[in-house]
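Let's take a walk through this protein, starting with the overall layout and then stopping at a few side chains worth a look. Keep the viewer open as you read.

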Amino acid sequence: PNCNYSVAVSSSYVMRSGAHYAQFLITGKPYIGIVRPMPGLDASAGDFCFIGDDHSFFPDFLAQRSDDWGDSEVHSCDFSCRDGKMNWTNWHDEIEEKDWDGMEVCQSGDTLGMLLNLDEGTLTVYKNNRRLGMMKDELSGQYCWYVNLFKHSADTVSIKRGTLPNSDGATTA
């Protein structure tokens, strides 16, 4: 099966503890979020996405599990620029798409900021340097930033270094 996405993972930047902030300059309607590091995953095995209707790769993702993942069952979580919703999965039986307090859609040219605070177990979203709110909690263990783009679209994302608005002691990525 083909999930019609192109996925990019910042696998060389694994977030293990503390607070981490990154900004993403967007064009189009990508999905931006966090995913577990999976160094043994064969990315050339085919088209895959971490959250979506194609569950065929979920066993491969879970096979990469290590003690470094911690005790959270949130293995992938993203923000949809298309509708502002939050999506997350445990790659077993639960995939959830939900509204959250502060959600907003994004437009081409917006800058989406994400603060992953592993000390607090939270993922907070910013849009154009304005805090939208905490999108997800109950996070622990290691994560990497990732982006899902629709294939055959003009969607693009670039990571931009920046400082957290009203800095909470985060490190920039």
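What percentage of the 173 residues of the chain count as buried? The figure is 51%. Bear in mind as we go that this is a predicted model. The accessible surface of the chain adds up to about 8200 Å², and carbon and sulfur atoms supply 45% of that.

Now trace the backbone. You'll pass one helix and 12 strands, and in sequence order they run β-β-β-α-β-β-β-β-β-β-β-β-β. Contacts that reach far along the sequence are well represented: if you take the contacts with a separation of 6 or more, 68% of them are between residues 24 or more positions apart.

Next, the charged pairs. The count comes to four salt bridges. Take K85 and D99, whose closest N and O atoms are 3.8 Å apart. K85 lies in the loop between β4 (76-80) and β5 (86-89), while D99 lies in the loop between β6 (95-98) and β7 (111-117), so this salt bridge ties together parts that are 14 residues apart in sequence. Both partners are partly exposed: K85 has a relative accessible area of 24%, and D99 comes in at 48%.

Now find E104, which has two partners to show you. One is K127, with the closest N and O atoms of that salt bridge 3.1 Å apart. This pair links distant parts of the chain, since K127 is in strand β8 (residues 122-127) and E104 is in the loop between β6 and β7, 23 residues apart. K127 counts as buried at 12% relative accessibility, whereas E104 is partly exposed at 25%. The other partner is R130, which meets the E104 side chain at 2.8 Å, N to O. R130 lies in strand β9 and E104 in the loop between β6 and β7, so here the parts tied together are 26 residues apart in sequence. R130 itself is partly exposed, with a relative accessible area of 41%. Through the shared partner, E104, K127 and R130 join into one network.

Stay on strand β9 and look at L132. Is L132 buried or exposed? At 10% relative accessibility, L132 counts as buried. Beyond its sequence neighbours within four places, L132 is in contact with W100, D101, G102, E104, V125, Y126 and K127, a list that includes two members of the salt-bridge network, E104 and K127. As for L112, which is 20 residues away along the chain, its C-alpha atom is 10.0 Å from that of L132.

Strand β9 (residues 130-136) also holds K136. This lysine is buried yet has no salt bridge; the nearest side chain of opposite charge belongs to D137, 4.6 Å away, and a salt bridge needs the nitrogen and oxygen within 4 Å. Leaving aside neighbours within four places in sequence, K136 has contacts that include V74, M86, W88 and L123.

Last stop: the cysteines. Why is there no disulfide between C81 and C106? The C81 sulfur is 4.3 Å from the one in C106, its closest cysteine sulfur, and that is too far for a bond; the cut-off is 2.5 Å. The structure as a whole holds zero disulfides. Both C81 and C106 are buried, each at 0% relative accessibility.

Key
Residues numbered from 1 in each chain as written. Predicted model: local features only at pLDDT ≥ 70, side-chain atom pairs only at ≥ 80, totals over all residues. Heavy atoms only, no water. Helix = DSSP H or I, 4+ residues; strand = E, 2+ residues; numbered from the N terminus. Buried < 20%, exposed > 50% of the residue type's maximum accessible area, 1.4 Å probe, protein only. Lys, Arg positive; Asp, Glu negative; His and termini not counted. Contact = heavy atoms within 4.5 Å. Areas by Shrake-Rupley, 256 points an atom, 1.4 Å probe, with all protein chains shown as cover.
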